[in-house]
Amino acid sequence: MKSNRRQFLKTLGGTALAAPLATMPWARVAMAQQSGAPRRAVFVFIPDGCIPERFHPSGSEFEFQLNDMTSPLESIRQHCVFTSGLNMYEGGHTHEGGVAKVLTGNNTESLDYFLAQRIGQSTPFRGINLGVHATFQNGEGNAPSFSTGNVPITPNDNPINAFDNIFGGQDPGNVPVSDRRKRSILDQMISEIRALNSKVGANEREKLEFHTDSIREVEKRILSNGAEAGMCNTSGYNSAGFTVPEGWHGYPPKIHLDEHYETIGRLQMDLITESFACDMTRVATLMWSHPVSPLRVEGIDQGHHDTSHFGQADGGIADKFVRYKQYHMRQFRYLVENLASRTDTDGNSLLHNSVIFLCSELGHSDAHDHRNMPFVLAGNAGGALQTGRYLNFGGDAHTKLLVSVANMMGVDIDRFGYTGHGTGGLPGLLA
Amino acid sequence: MKPLFKLLTLTAGAMAGNVALANQLCTVEYQETANWGAGATHIVTVENNGPGLEQWDISWTFPGNETIVQLWKGHFDQQGNQVGVIDAGYNGTVATGGQFDFGFNLENPSGNLPTEFFLNGQSCTTLLGGQDPGAEQPGEPDNDAPDMSVMGWSLNGVQSEFGFVTVKNTDVAEIQSFANLQAYVDTSGRATLAIDLNTVDTGIDIRDQRIRDHLFSSGLLPTLYFTTQVDMGSVADLEPGDATTMTLDGRLTMNGISQDTTAEVLVIRTADNRIAVRTARPVMVKGDDFELAGGIETLRTIAGLSAIGQTVPVYFNLNFSAIQGDDGDNLMPVEAGTTPATPSIVNASYTGANSTVTVSWQDLSDNETGFVVKRRQGNGYWETRAAVDANQTQWMERLDSEGNYTYRVIAVNGSVPSASSGNVIVNAQPGDDSGDSGDNPGTDPSQNPDDGDNGNGGDGGTPDNGDGGDTGGEEPVPGDGDDNAGGQPDGAEIYASHCAACHGADGSGGAIGVSLTSPGELGSLVAYIERTMPLGNTGRCVDDCAEAVGQYIADSIWADTGSGGDGGDVVLEDETPGPRQLNLMTRYHYANAIRDLVGIDASDLTTNFPVEARVLGFNNNAAKNYVSARHLDEYLKAAETIAEKAVTERRSSLLSCDAGASGCSAQFVEGFGRRAFRRPLNSDEHQAYLSMFDAEGDFDEGMEAVITAMLVSPNFLYISELGEQTGSGNYELTPHEVATQLSFTYQGTIPDATLMAAADADQLNTPEQLEAQARRLLQSDKARVHLGHFAEQWLESDPASMGSKDPNLFPRFNGDVREAMHRELRAFFNHVVFDSTGRFDELFTADYVFVNEALADYYGLPGVSGDQLRLVQDTNGIRGGLLALGAVMASHGHANESAPIPRGNFVRRRLMCQDLPPPPEDLDTSGPAPDPSQTTRERFEARTGGDDCQTCHLYINGIGFGFEAFDGAGGFRTTDNNRPVNTYGVIYGLESLLEETSAAYDGVRQMQQTLVQTDSLKSCMSRQFYRFARGYIETGSDSNTLDNLNQLFANSGYDLQELMVGLTQLQTFTLRR
């Protein structure tokens, strides 16, 4: 749309919105009081696990040495918390089972969605889900994020389209539509859903509630973006002018070509930073490729997934897998540095007020297990997380890490999914 | 090709010679992997310990009348019960330390296995099973749980093991284990270990079975107990990391005997809340002490061994976790039951006329779960003869040889025995009656262990126990319906008295006995009964008895399979309607709907819509596609663009009145709304849209607003299957919902004008009306596209499912080939359904392909040029049928190699609808290392060859390996790593994973020909089409509906269009609930 969505009519803010069809459950969860700038969370997924003996650091909590696979993080180690000894228990096996549980802990909703519902009420977008080749040759639709009813959330692989959805105005193909029209269209949607809701049985009610809630989110965006509009300057985004052709233009599409993997990835990461800086959202998920990744970059002569079946941990194939992992770590470093370089409203860096959770769906790639997972944290979560550390959790459940991340974000829960190893967060992680 | 006669000469020569068991020229593993009574499958694996071989032959003698029917990976000759097998040519070369194997199906399995083998004329050592010791579980890293009050210690069964060492043939030692262990130690130190003896694991199924039946009688006495007292003070003193030795004096109970037993253990505190208890020295258990000597001897005889050691070293590593404070719900104390009071033997009387002995006793206990009768023949070993229910006081058996028999009875509470009753002896001579009233001084007391630990007093097990009752016992016991000379055995009575206790009175299964309700083959059942039943009492029911019982089971217990149709007469079962649902249109549906609604190509607009979730391959699952905010953003954008374009470019087709005319806006709202919502608008809707139109103040703007709004309406986006209440709890779809079902099922788009008119006129009710529409819709290009869509999702071979291929390994695979493969799949499917026989089997028996120049070249077929696909016979004899399609092989193939395991799974899940469970969590399922000297098949065969793996991989590999002539990119090959490709396979469980059919084949053509004969392939097809058409995965309540659909399919001779049309003939096509 040529018209900037943020210009939409504010005067209609006085119109009474139709009451929601049902009380949304999250309203009852207590939110910890926060002072200062809001906290942000980023969930970054990279595929196919790791070689544990070449991924995890050695040493003690403050005196540790990074390993081959994480060596690119040396220059940002002070911003990171490295972990080892975290296992994912129960649920499914291998790739499919791992991606279904890494952010859910076998809950129906994933943590990113869960947090987005709780802390995203005051931002135009509760959460954003972005991808880099995440939907390319992903026949099973594997993705780590799930909304109500364990419905998968597929990431948006097109950063130009995603930017347009969030900030509006970039995509020239769209038609300007009046605000009054938009208002009446939204009203009509809600009225029709209400009519349907009175007819459906219990099993479809959840679907319609979710649909209504989605309308609410879009509606709110249309109404509330006026005040902050001027403060947000996104003119620096995509300064290289990367374009994506509309519609079908051959196979693979441009956004799924290996040669653009890094460009797409960086555009997505920039989008996350911009979205945080402009408070368009506070929760973002970035999925790099997908389990059983066909990715080929860096001139490596075997595909990503092929190298993840490396046999000897110190052999030639393993070395290639290490290069792939280092490649993704450099991207992670880019994100961390980006957020570190932006100042937040309280004078701290955006990174200081964020927590980034880097994960994968497997532990040992070749054995396809869910042990000793390659999880790394970055950012201080507004001061809740002390970084520059390495912690070994001795086989504890990764769901405690999910709880800790929620706690860092000011959401006071003591369990998230599997509790077979006890409740609460990870001991020793938070102050 | 070697002359086979040479084998026998060698064999004859070698057999006359020296059979040296210590000769380690080779190691042979001989296994029975399936047995269906009338036949069996055996696999022979040989490890070459000697010099490298260029060719091999293996020979042996069958112990019974076994006859080999077919053999693979070799060639065989059989003369009488002597067998010789030579290599198949491609597997003759075996290096030192290398392995080869072959398998075969045979008739008349005798229950015994050959025990001596000759490799190239020289003797081998026989191994009857796997050698892997039970792998010790790696200890979990310690958990720093906070110190809370400990309520007890519970065994972590997964991290513990309990094993024992057996020695056979004097010098072959093996480690065996039990899989199911439980143990609990309470805070006072009272400890109980319980082992389910049925879970004995020796690595060989048949050996496990024999041990259960003949050694432990674990059907009757399933649990081993060890109870002891642990010094918890010493345990409390241990810090994590500390250890101490302890001597545990306790009672070991098994086989109905309790004995004092001492274990020297090492107790280690591995964490605050973890304790490990390990044997510091092995516990030596003597067979004699537990009356196991007889069972051991029986095992020895059956297996044809020279010896089995009677003293068994036992070791264990038990890991306990503390049950703390708030884990109270997790308390699972393990306890042996209280010891029952000892029964008092009354007498044993023998009736010569029918060679029957009757043992009777007094029931003096009130907590027994049953009684166990033990018998000794002459001075032989004690054996467990039978178990009877609680409160019984009598038992009978027929003796088949004369002599002295001694009996005694114990009461059991679960597996906890009372002290033994005294003994009674009968002298059995045919024709003479005799009896013993139990005041017999009995036998050597050492044969009658007296545990003295009988909390209920009683007689303490003295031999002289003859109180109560009869003297002598010369009269025959009143009959209880057992076999009588001259009378036909009564199957029902035999079942009730000898089978019901284990299998349930109704045959649905019990604690020990499996369910008997699945119908099978009567002959196999009778043979199985003769060979193995009753458990622990084999051979008691043969000939007439087995036939009578088998017939009874077949008549009264086998489940009714329901009425079958024959010819044109279809008897349908009562269907339960499917769920009411709102199914979100997929991108594909949306683009079709826009095309048909406004004549605009919206496929470009849908490229940014969120990708749908896939459920079992299909992307139109109503439960997994919700409208998120992102969906709405995209729908709004698309709707705005389409609306603007529609008004600018398609105005005349959307408007049938003049813009200036009054009432035209209402007419437009009505007309467009009806088509967009696929039903007439109701008055609220009409009013709302008319107001929206008018508020724009300009006719074109009004049109645009209304079109936009309608295209984002839930009434457009969702396919509605809500219906209206019928009053019986069901809902009947409205005529317009029925029209929508028809159009989306057969064309993947909105209803056309004909359907809408039929709905308006309420002419979509009768089966005939529905059938007519279905047939009409199928005869269209849209239907072809739609069914192509179905086929590629069903086979998980759509573009999203075909991964990249390594260009170094598959240089000929490129974008043109890929695209042609996808087009071929759809074209082939359409050809069979619409342009050829229309029959299901042609999908698998076709001997042609659809190729353009690029694909023909890839397939090695000459004479094809241009981009157009055309039908070409595969004169190479390689391709043809769905499973040989390049698209299917490449979509189920890795980037760098073929994928036999995923392919095997794919066929089982998607074509046979057989769901194998995933591998157990703790199992290392890493793939085999690359090896340039082996084929993919050889590497994966070795990797999945273990017994644990074979439980499932028998079914997976038997199909997956058959595809090995197709590489990971769907190309044909005859070698893999310069070794010949082997495409032999055996498909086990053709109709279900629970039954024992199998069929051998070579290559994908034969595989398809075999599969297409099965019922499972066809019923799976019905099921898959149903899933696709209905947008949900069926549950148990859909089973009648699916049966009916499959019945219609079968009735039509498996015509595919009839299957599809048949959907409309189901009772519940228009019903929901």
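## Rings, charges and a chain contact

At 8% relative accessibility, E291(B) counts as buried (under 20% relative accessible area; over 50% is exposed, in between partly exposed; 1.4 Å probe, protein chains only). Keep that residue in mind for Exercise 1.

Some housekeeping: this is a predicted model, where local features need pLDDT of at least 70 and side-chain atom pairs count only at pLDDT 80 or more, while totals for chains, interfaces and linings use all residues. Residues are numbered from 1 along each chain as its sequence is written, chains are lettered from A and ligands numbered from 1 in the order in which they are written, and side-chain values use heavy atoms, with hydrogens and water left out.

**Exercise 1.** Find the salt-bridge partner of E291(B) and work out which parts of the chain the pair ties together.

*Step 1.* Look for a side-chain nitrogen of Lys or Arg within 4 Å of a carboxyl oxygen of Asp or Glu, which is what a salt bridge means here. For E291(B) you land on K374(B), with the closest N and O atoms 3.2 Å apart.

*Step 2.* Place both ends. E291(B) sits in the loop between β20 (283-286) and α4 (293-303) of chain B, and K374(B) in strand β24 (residues 370-377) of chain B, so the pair ties together parts that are 83 residues apart in sequence. (Helices, H or I with at least four residues, and strands, E with at least two, are DSSP runs numbered from the N terminus.)

*Step 3.* Check the partner's accessibility: K374(B) is down at 1%, so it counts as buried.

**Exercise 2.** Now take the salt bridge of R183(A) with D187(A) and say where the two residues lie and how accessible each one is.

*Step 1.* The closest N and O atoms of R183(A) and D187(A) are 2.8 Å apart.

*Step 2.* Both residues belong to helix α5 (residues 179-197) of chain A, 4 residues apart, or about one turn of the helix.

*Step 3.* R183(A) has 10% relative accessibility and therefore counts as buried; D187(A), at 38%, counts as partly exposed.

*Step 4.* For the wider tally, the count comes to 65 salt bridges over all chains.

**Exercise 3.** Classify the ring pairs F668(B)–F672(B) and F1049(B)–Y1054(B).

*Step 1.* Set the rule: rings of Phe, Tyr and Trp (its six-membered ring) pair if their centres lie within 6.5 Å, and planes under 30 degrees apart count as stacked, over 60 as edge-to-face and the rest as tilted. Run over the whole structure, the search finds 55 aromatic pairs over all chains.

*Step 2.* For F668(B) and F672(B), the centres are 5.6 Å apart and the planes at 15 degrees, so call it stacked. The two share helix α11 (residues 664-677) of chain B, 4 residues apart, and both are buried.

*Step 3.* F1049(B) and Y1054(B) come out edge-to-face, at 5.0 Å centre to centre with 85 degrees between the planes. F1049(B) has 0% relative accessibility, so it counts as buried.

*Step 4.* Ring pairs can also chain up: Y30(B), W56(B), W60(B), F62(B), F100(B), F102(B), F104(B) and F117(B) are linked into a cluster that way.

**Exercise 4.** Describe the contact between chain B and chain A, and name the element of chain B that gives the most to it.

*Step 1.* Count residues, with contact meaning heavy atoms within 4.5 Å: 71 residues come from chain B and 71 residues from chain A.

*Step 2.* Get the buried area, meaning the accessible area (1.4 Å probe) that two parts lose on being put together, summed over both. The two chains bury about 5,800 Å² between them, 51% of it on carbon and sulfur atoms.

*Step 3.* Tally the charges: there are 8 salt bridges between chain B and chain A. E696(B) forms a salt bridge with R181(A), their closest N and O atoms being 3.1 Å apart.

*Step 4.* See who supplies the chain B side. β31 (581-584), α9 (629-649), α12 (683-695), α13 (699-711) and α14 (714-717) each provide at least two residues of the side that touches chain A, and α9(B) gives the most, with 10 residues.

*Step 5.* Finish with a salt-bridge network containing residues of both chains: R126(A), D213(A), E217(A), R221(A) and D633(B) are linked in it.
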